[in-house]
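The exercises below are meant to be worked through with the sequence and the coordinates open side by side. Each begins with a task and is followed by a solution that proceeds step by step.

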Amino acid sequence: MGNSALIVIDMINAYDHPDAELLVPSVRAALPQLTRLIDRARAEGVPVIYANDNFGEWRSHHGEIIETTLAGKNAELVEPILPDDDSLFVVKARHSIFYETPLSYLLSQLGADHVVLCGQVTEQCVLYSALDAHIRQLRVTVPEDAVAHIHGDLAEAALRMMERNMSATVRTADTVAF
């Protein structure tokens, strides 16, 4: 066994995009499990890395992204899972958390060979990130109740694909082993 890292994908979000109405109910359902998972990782000394879209704001940094989301209409979805002083933050511009980001290097510096992917959107960013982690020979765990989706049927298919095609461990958040 190596070291683990918990990666929180795209949860710092103002929910002002076209699919937000479909996404928000799933985020609300996943939020309690996601919050517990983050709290447990912190308590166990597991690095918590936020990998988040910059929403096309190329002059922004993570503090500005957080400020923007807290000023939005769904701030209650962000407040419980805000980064703390020990959290790491990687800004991404596309679906995968690895695409043109320093995440691979960061994980190697942490000695992490296992990533736990949580957040949103299961059938998009989580799926593509799991594939990219698998390609990088990282072990992948996805807590199925700590990821949010836009389309439930596609999310179920994505979870099956991650498990079958990427050797990901899919389980509930409370049973994730770091």
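## Exercise 1: The surroundings of Val 126

Task: establish which residues Val 126 touches, not counting residues up to four places away in sequence, and decide whether Val 126 is buried or exposed.

Solution. In this predicted model, Val 126 touches Ile 9, Leu 117, Gly 119, Gln 120, Val 121, Val 142, Val 147 and Met 162, once residues up to four places away in sequence are set aside. The next step is to place the residue, and Val 126 turns out to lie in helix α4. Its relative accessible area is 0%, and Val 126 is therefore buried, since the cut-off for that class is under 20%. As a last step, take the pair Val 126 and Leu 159, which are 33 residues apart in sequence and have C-alpha atoms 9.2 Å apart in space.

## Exercise 2: The packing of α4 and α5

Task: describe how the axes of helix α4 and helix α5 are placed, and state which residues of the two helices meet.

Solution. Begin with the axes: those of α4 (residues 122–135) and α5 (residues 152–165) come within 9 Å and cross at roughly 10°. Because of that angle, α4 is roughly parallel to α5, the limit for this class being under 35 degrees. Then list the residues on each side, where α4 brings Thr 122, Glu 123, Val 126, Leu 127, Ala 130 and His 134, while α5 brings Leu 154, Ala 155, Ala 158, Leu 159, Met 161, Met 162 and Asn 165. Sorted by class, the residues of this contact are nine nonpolar, three polar and one charged.

## Exercise 3: The enclosed space

Task: find how many cavities of 30 Å³ or more the model has, and which residues line the largest cavity.

Solution. The idea behind the search is that rolling a probe the size of a water molecule over the atoms shows where empty space is left. By this rule the count is one cavity of 30 Å³ or more, and the volume of the largest cavity is about 30 Å³. Its lining consists of Met 11, Val 27, Ala 30, Leu 31, Leu 34, Gly 119, Ala 146, Val 147 and Ala 148. Assigning these residues to elements, one finds that α1 (20–43) and β6 (147–148) are the elements that give two or more residues to the lining, with α1 giving the most, at four residues. By class, the lining has eight nonpolar residues, one polar residue and no charged residues.

## Exercise 4: Two positive phi values and a cis bond

Task: compare the settings of Asp 10 and Ser 167, and state which residues a cis peptide bond joins.

Solution. The background is that most residues other than glycine have a negative phi, and most peptide bonds are trans. Asp 10 has a positive phi, near 55°, and lies in the loop between β1 and α1; with 5% relative accessibility, Asp 10 counts as buried. Ser 167 likewise has a positive phi near 55°, but its place is the loop between α5 and β7 (169–171), and a relative accessible area of 57% makes Ser 167 exposed. The cis peptide bond joins Gln 120 and Val 121, with omega about 0°, and Val 121 lies in the loop between β4 (112–120) and α4.

## Exercise 5: Two strand residues

Task: determine the accessibility class of Leu 6 and of Val 91, and list the contacts of each beyond four places in sequence.

Solution. Leu 6 belongs to strand β1 (residues 3–9) and, at 0% relative accessibility, counts as buried. Leaving aside neighbours within four places in sequence, Leu 6 is in contact with Leu 37, Ile 38, Ala 41, Val 46, Pro 47, Val 48, Ile 49, Val 116, Cys 118 and Phe 178. Val 91, by contrast, belongs to strand β3 (residues 88–92) and counts as partly exposed, at 33% relative accessibility. With residues up to four places away left out, Val 91 touches Asn 52, Asn 54, Ile 65 and Thr 101. A final step concerns Val 91 and Asp 53, which are 38 residues apart in sequence and 5.9 Å apart in space, C-alpha to C-alpha.

Note on methods: Residues numbered from 1 in each chain as written. Predicted model: local features only at pLDDT ≥ 70, side-chain atom pairs only at ≥ 80, totals over all residues. Heavy atoms only, no water. 1 Å grid on protein atoms, 1.4 Å probe; cavity = no way out; pocket = protein on both sides within 12 Å on 5 of 7 lines; lining within 4 Å. Points joined across faces, edges and corners; volume = space filled by probe spheres on them. Nonpolar A, V, L, I, M, F, W, Y, C, P; charged D, E, K, R; others polar. Axes fitted to C-alpha atoms, helices over the stretch in contact; angles between N-to-C directions. Parallel < 35°, antiparallel > 145°, perpendicular 65-115°, else oblique. Contact = heavy atoms within 4.5 Å. Buried < 20%, exposed > 50% of the residue type's maximum accessible area, 1.4 Å probe, protein only.
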